[in-house]
Amino acid sequence: MGQIQMVDLKGQYLRMKEEIDAAVIDCISSTAYINGPQVKSFQASLEAYLDVNHVVPCANGTDALQVSMMAVGLKPGDEVIVPAFTYVATAEVIALLRLKPIMVDVDPDTYNITAEIIEKAITPNTKAVVPVHLFGQTADMESILKVAEKHNLYVFEDTAQAIGSVYTFSDGTQKAAGTIGHIGTTSFFPSKNLGCYGDGGAIFTNDDDIATKLRSVANHGQSKIQYQHDVIGCNSRLDTVQAAILDVKLKYLDSYSAARNKVADAYDAAFADIEGLQTPVRAANSTHVFHQYTMKVKDGKRDELQKYLGEKGIAARVYYPIPLDEQPAFKEHAIIPTPLLVTQQLCKEVLSLPIHTEMDEDTLNTIIEGVQSFYK
Ligand SMILES: *Cc1c(COP(=O)(O)O)cnc(C)c1O
């Protein structure tokens, strides 16, 4: 068997080749390269899929966060609470807009922030919080919304890793990740659960006013009248070709999530008896779409296991090796109200195994046997 990679984008493409190729060629021959009908069509499909009033397509998941924070009018110096255990993009835009990233810890089991953690970090200057639905499951939004409401905070859900995840409230109501707070953002980076063939992103909201502002900010701050610009905005569009590809792939998103869960279930069962590993803990009130299958490797053996698997031709990656507040870029920006002990521990212990939509039985068994043999 050749090298086993984290993802298999080629295999997935080949399975949908005819449909994708036709959509792309249709787009190229139509010449509607910017804001073509495919963008509108994908927008409508995603609104229906997520059951949300507005989807605002944009250029990537980082822009989605930036446009969101610009649209609600956060001012320099406003504090935004963000987990220190996430991809850099989440906190980067906060610093870029001269807002203050208040970096907090995460729950040791779900790797997500909680209402309790957020509440401890709130000051009179706190204006927003960014729950990141890390690795594919939704943070506990019901309690987070309560804290946010009490303290008048905007809630931006970073859903780059969790599109398709569903959260269940205590009264049984179900909502898609990204549609629960004021604004949700996502990324269509190729390796994300719903990935295009380049960069892409989108913003979700149920609020009509916010949607109007999001569309304006993403389009140079233009109002309804062409060439009239009400606010300073930026240029953030989803490419028509990418929208055409995404409209094809969205139909398969639930089957992608199911395929990922099948791999996760197999890993869970195979590693249940290995004392040195903690397999991912499933949150009680969220489905998991397994953007990553991230285990905790105990007893200081994480790097050793990663190297061992590497020598067997099996990729395994560390998401994320450094707490954001310890990144050189954030040294002068991050504010840390309390020590980030869980984040520090996770950065030493986490290891993600390959998980994707094209995993065959042989590959899966090779990975499982690889991990098991390390512990024999
Ligand atoms: C991928 C990712 C982003 C950024 O998305 P891009 O499309 O690459 O800009 C933001 N937040 C999280 C948690 C991500 O995983």
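## The loop between H1 and H2

With a relative accessibility of 23%, Ala32 counts as partly exposed, because the partly exposed class lies between the limits of under 20% for buried and over 50% for exposed. This residue belongs to a predicted model, and its place is in the loop that joins H1 to H2. Once its neighbours within four places in sequence are set aside, Ala32 is in contact with Cys27, Pro37 and Thr240. The C-alpha atom of Ala32 is separated by 16 Å from that of Gln43, a residue eleven places away along the chain.

Ile34 also lies in the loop between helix H1 (9-30) and helix H2 (37-50), and its relative accessibility of 54% means that Ile34 counts as exposed. Together with Ile28 and Tyr33, Ile34 makes a nonpolar surface patch of about 300 Å².

## Surroundings of the ligand

There are 13 residues around the ligand, and those that come nearest are Gly61, Thr62, Asp158, Ser187 and Lys192. For Ser187, a polar side-chain atom lies 2.6 Å from an oxygen atom of the ligand. The ligand taken alone exposes 380 Å², of which the protein buries 92%.

Two further side chains place polar atoms by ligand oxygen: for Gln161 the distance from a polar side-chain atom to an oxygen atom of the ligand is 2.9 Å, and for Asn60 the corresponding distance is 3.5 Å.

## Ser236 and its contacts

Ser236 is found in the loop between helix H7 (208-218) and helix H8 (240-250), and with a relative accessibility of 2% Ser236 counts as buried. Its side chain makes a polar contact of 2.7 Å with the side chain of Asp63. If residues up to four places away in sequence are not counted, Ser236 touches Pro57, Cys58, Ala59, Asp63, Val67 and Ala218.

## Helix H4 and what covers it

Within helix H4, which spans residues 88-96, the buried residues are Ala89, Thr90, Ala91, Val93, Ile94 and Ala95. An α-helix has 3.6 residues a turn, so residues three or four places apart point the same way. The cover over the buried residues of H4 includes helix H3 (61-71) as well as three strands, S2 (79-83), S3 (100-104) and S5 (154-158). Just after H4, Arg98 takes a positive phi of about 60°.

## Salt bridges that involve H1

A search of the whole structure finds nine salt bridges. One of them joins Glu358 to Arg15, with the closest N and O atoms 2.7 Å apart. This pair links distant parts of the chain, since Glu358 is in the loop between strand S12 (350-353) and helix H12 (361-374) while Arg15 is in helix H1, and the two are 343 residues apart. The partners fall into separate accessibility classes: Glu358 is buried, with a relative accessible area of 16%, whereas Arg15, at 53% relative accessibility, counts as exposed.

Helix H1 also contributes Glu19, which forms a salt bridge with Lys251, the closest N and O atoms again being 2.7 Å apart. Here too the pair links distant parts of the chain, with Glu19 in helix H1 and Lys251 in the loop between H8 and helix H9 (253-271), 232 residues apart. Glu19 is partly exposed, with a relative accessible area of 31%, while Lys251 is exposed, with a relative accessible area of 54%.

## A salt-bridge network at H9

The side chains of Asp265 and Arg282 meet in a salt bridge with an N to O distance of 2.9 Å. The two residues are 17 apart along the chain and link distant parts of it, Asp265 being in helix H9 and Arg282 in the loop between strand S10 (277-278) and strand S11 (293-297). Asp265 counts as partly exposed at 42% relative accessibility, and Arg282 is likewise partly exposed, with a relative accessible area of 34%.

The bridge between Asp265 and Arg282 is also part of a network of salt bridges, in which Asp265, Asp268 and Arg282 are linked.

Definitions and conventions
Residues are numbered from 1 along each chain as its sequence is written. This is a predicted model: local features need pLDDT of at least 70, side-chain atom pairs count only at pLDDT 80 or more; totals for chains, interfaces and linings use all residues. Side-chain values use heavy atoms; hydrogens and water are left out. Helices (H or I, at least four residues) and strands (E, at least two) are DSSP runs, numbered from the N terminus. Buried means under 20% relative accessible area, exposed over 50%, partly exposed in between (1.4 Å probe, protein chains only). A polar contact is a pair of N or O atoms within 3.5 Å; within protein, one must be able to donate a hydrogen and the other to accept it, and residues adjacent in sequence count only if both atoms are side-chain atoms. Contact means heavy atoms within 4.5 Å. Patches are made of residues with over 30% relative accessible area and no salt bridge: like charges are joined within 9 Å, nonpolar side chains (Val, Leu, Ile, Met, Phe, Trp, Tyr) within 5 Å. Accessible areas come from the Shrake-Rupley method with a 1.4 Å probe; for residues, only the protein chains shown count as cover. A salt bridge is a side-chain nitrogen of Lys or Arg within 4 Å of a carboxyl oxygen of Asp or Glu. A residue is near a molecule or strand if one of its heavy atoms lies within 4 Å of it.
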